[in-house]
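Colleague: I would like to go through the sheets, the backbone exceptions and the largest pocket of this model. Can we take them in turn?

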Amino acid sequence: MTNQLTSKFVILAIITLIFTSCKTETNSAQSSSVDKNPYAAQVDSILALMTFEEKIGQLNLPVSGDITTGQGTSSNVGKKIKDGLVGGMFNIKSVEKIKAVQKIAVEESRLKIPLLFGMDVIHGYETTFPIPLGLSSSWDLELIEKTARMAATEASADGINWTFSPMVDISRDPRWGRVSEGNGEDPYLGSRIAEAMVKGYQQDDLSKNNTLMSCVKHFALYGASEAGRDYNTVDMSKIRMYNEYLEPYKAAVDAGVGSVMASFNEIDGVPATGNKWLLTELLRDDWGFNGFVVTDYTGIYEMMAHGMGSEEQVVSQALNAGIDMDMAGDSRVASAAFIKSLKGAYNKGLVSMVEIDTAVKRMLTAKYELGLFEDPYKYCDSERAKKEVFTTENRAFARKVGAESMVLLKNENNLLPLKKEGTIALIGPLANNAVNMAGTWSVATQQEKSNPFLSGLKTIVGNTANILYAKGSNIDYDLELEKRATMFNKDIPRDGRTDQQLLDEALSIAKKADVIIAAIGESAEFSGESSSRTEIGIPQVQKDLLNALLKTGKPVVLVLFTGRPLELVEENENVPAILNVWFPGSEAGLAISDVLFGYVNPSGKLTATFPRSVGQIPIFYNHKNTGRPLSNEEGKFEKFKSNYIDERNEPLYPFGYGLSYTKFDYSNFNISNHSITMDGTIDVSVDVTNSGNYDGKEVVQLYIRDVVGSVTRPLKELKGFQKIEIKKGETKSVTFKLSVEDLKFYNSNLDFVAEPGKFHVFVGTDSTTKMMKEFELTK
């Protein structure tokens with residue numbers, strides 16, 4: 001069948017090329033990006049045969065749900081595919097279902113154009129890794145790239161060829177639930193992770209059947225929503241956009257990402273979905289992106305609520321701005337889809353055929369790049385799915401990644417690692433719940449197959465210690481809030497007992513234990529999309545449980561589940577050991593236990609600042625100075641200085657922070673030059689010694705400060721990091737090379753420049769390091 005289809009397209013292309021060569025008028029829709037398209041001739045040959053409706057169909061990404069076997073041919077969606085009114089589908093899972101739907105497109109539709117199949121493969125497929133915020137805390141780019149590569153292998157084996165990942169939005173406000181999906185607050189680290197993820201998914205060769213086309217999102221600035229409320233307004237200056245928020249998106253584009261998703265927010269008063277400056281002038285003209293742009297879910301429809309006009313007006317605005325594909329525009333909540341309103345807009349002269357054809361060409365090109373015209377069933381090998389999805393090898397890697405992402409926040413008197421002896425009490429609502437272990441945006445995960453904490457603990461301990469378990473409390477006192485935080489089949493059932501009865505049971509087993517592990521925090525959907533919070537502490541019922549456990553006088557280890565930075569001042573003061581495990585993925589129970597008992601020495605470092613109080617938000621390390629900074633380093637209040645009267649300025653846990661079971665000492669900090677020219681470089685070196693009792697890994701971090709600039713500059717900016725493994729008693733030398741490119745920034749004219757003058761360079765274990773050297777950049 002594949003050879004027959006290929007032959008048809010070859011003949012079609014030859015006939016059409018002969019036909020088009022006789023034309024005296026060329027197609028003016030060919031943009032500069034399409035001029036470089038190696039598939040331009042084939043794309044033009046198909047475009048010449050398309051009806052208006054078939055063109056619009058290629059721009060349509062409808063809502064389908066997970067179509068059941070046989071439904072594809074009988075459903076309304078199936079008829080639309082047969083009529084050429086669908087360009088792709090998303091969140092259909094399994095080779096059998098996808099092959100059935102693709103068969104309609106390539107064997108029953110008039111032009112036999114294959115479909116794209118996309119899915120939210122965010123942090124793994126069926127083998128699920130830690131949530132992206134947790135994954136970023138590994139600071140291990142090779143590890144992160146491998147997670148994307150493994151996710152691409154699994155998803156492509158199951159029929160998927162397009163993923164809506166990576167999400168690279170910078171966020172400095174942990175009230176925003178989608179901070180869990182990103183890489184934290186820093187543009188440099190976020191850019192390196194964006195590159196790693198794109199490379200992992202695409203592997204520089206989309207024609208392979210084990211790669212996915214990547215879609216970077218959400219373009220742009222989505223993580224800066226006002227008040228941390230999802231979908232809310234974003235308003236910032238261009239200079240802040242360029243210096244603090246745009247870099248990770250550009251890094252993904254430079255890495256060759258195949259597609260871009262527009263964000264929900266507005267930019268300069270215009271929604272991103274209809275913002276021509278953003279989607280054409282910046283993305284295509286300035287950055288040279290030549291892939292396609294898709295809306296977020298019902299993004300075009302939502303422009304009407306923003307106040308952009310009628311259905312036809314917002315549809316035309318989106319297309320003219322640079323949108324190529326409309327996601328979920330024909331859902332039951334939306335009526336302003338391309339498929340419904342673009343023809344009317346065209347008839348009224350609101351859009352031109354040039355713009356329509358340009359978008360169609362981009363979509364057809366993407367399908368050629370994926371090799372779908374050559375073999376539309378290339379992702380539909382059922383034997384691959386049996387061999388490559390959720391394998392023992394993949395699960396072992398997920399266990400490793402989960403452990404590498406955990407951050408040790410406190411370890412008083414070296415309580416951790418625990419010993420496998422005596423009686424251990426495991427208490428908390430997240431201690432024995434598989435379906436919450438993968439965290440938010442784990443749509444392909446078979447949640448019930450995840451390894452819960454209790455199971456992993458018992459596996460690791462075996463018969464060497466006695467494990468006692470109690471739930472201890474519900475997730476929250478408020479049942480309705482708990483329902484909102486355990487959506488999408490991630491329930492933590494209430495068992496009918498009262499809060500007091502649950503607490504009494506917990507205390508009864510705690511009294512029998514030598515050490516208590518409290519497994520508490522957020523449930524999986526307490527963070528994620530549309531999960532913004534005004535208070536970001538541990539829910540009160542769990543705080544009450546924790547405080548009661550502390551009062552027993554037994555040593556308590558807090559194993560913290562969270563999708564965002566939390567306010568933990570009280571816990572930091574009272575709990576002797578705190579291990580932040582985020583949501584560790586499929587193998588959560590084993591990964592957590594590996595760290596608790598020292599099989600893995602924790603090496604994660606925070607990529608988002610933990611505030612002392614929600615009133616400090618937004619809080620981030622690379623802020624600028626004020627004209628009235630505090631003059632003391634103790635955080636003491638000073639009148640008429642930039643501080644609070646009821647709280648210190650600094651955070652509870654800073655960016656880059658994370659403890660280890662061992663101790664690392666820094667020495668011999670040197671720079672190769674104290675003066676460099678515009679074409680020069682400078683080497684920054686430091687020795688790191690493991691002076692503790694365990695082998696371990698350390699993330700050595702390099703920051704700079706531009707002391708004097710034409711515009712105000714941050715107090716510190718991350719410009720390099722290396723994660724190194726050092727055996728106990730060993731010393732390793734680490735060297736960074738700084739170039740003038742690392743010193744550049746966007747000035748008030750949005751020129752990317754490095755200005756002569758003094759620079760400070762810092763090296764250390766987190767962003768608060770004071771190890772500093774000075775050098776000067778000369779003309």
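Colleague: In the open sheet of six strands with mixed pairing, what is the strand order?

Modeller: The model is predicted, so local features need pLDDT of at least 70 and side-chain atom pairs 80 or more, while totals for chains, interfaces and linings use all residues. Residues are numbered from 1 along each chain as its sequence is written, and side-chain values use heavy atoms, without hydrogens or water. Strands (E, at least two residues) and helices (H or I, at least four) are DSSP runs numbered from the N terminus, and two strands pair if DSSP finds at least two bridges between them. With mixed pairing, the six strands of this open sheet follow the order 11-16-15-14-12-13.

Colleague: Which strands are at the edges of that sheet, and how much does it twist on average from one strand to the next?

Modeller: Strand 11 (407–411) and strand 13 (466–470) are the edge strands, each pairing on one side only. From one strand to the next, the twist averages 15 degrees.

Colleague: Which residue of strand 15 stands opposite I517?

Modeller: Strand 14 (residues 515–521) and strand 15 (residues 556–561) run parallel and are joined by six bridges. Opposite I517, in strand 15, stands V557.

Colleague: At what angle to strand 12 does helix 22 run?

Modeller: Contact here means heavy atoms within 4.5 Å. Axes are lines fitted to C-alpha atoms, for helices over the stretch in contact, and angles run from 0 to 180 degrees between N-to-C directions. Helix 22 (residues 499–510) lies across strand 12 (423–427), strand 13 and strand 14, and its angle to strand 12 is about 165 degrees.

Colleague: Why is one side of strand 2 and of strand 9 left without a neighbour in the sheet?

Modeller: These strands belong to an open sheet of six with parallel pairing, in the order 2-3-4-5-6-9. One side of each is free of a neighbour in the sheet because strand 2 and strand 9 (292–294) stand at the edges, each with a single partner strand.

Colleague: Which residue of strand 3 stands opposite F90?

Modeller: Strand 2 runs parallel to strand 3 (residues 116–119), and three bridges join them. Opposite F90 in strand 3 is G118.

Colleague: At what angle to strand 9 does helix 17 run?

Modeller: Helix 17 (residues 353–369) lies across strand 3, strand 5 (213–219) and strand 9. Its angle to strand 9 is about 110 degrees.

Colleague: Where are the cis peptide bonds around strand 5?

Modeller: Most peptide bonds are trans. The bond from F219 to A220 is cis, with omega about 5 degrees, and A220 lies in the loop between strand 5 and helix 11 (238–245). H218 is in strand 5, and a cis bond with omega near -10 degrees leads to it from K217.

Colleague: What is the phi of D268?

Modeller: Most residues other than glycine have a negative phi. D268 is in the loop between strand 7 (266–267) and strand 8 (270–271). Although D268 is not a glycine, its phi is positive, at about 55 degrees.

Colleague: Which residues are closest to the centre of the largest pocket?

Modeller: A pocket is an open set of points on a 1 Å grid over the protein atoms alone, where a 1.4 Å probe fits, with protein on both sides within 12 Å along at least five of seven lines; lining residues have an atom within 4 Å of a point. The largest pocket holds about 1,400 Å³, the space filled by probe spheres set on points joined across faces, edges and corners. Of its 37 lining residues, the closest to the centre are Y621, H623, N649, E650 and L715.
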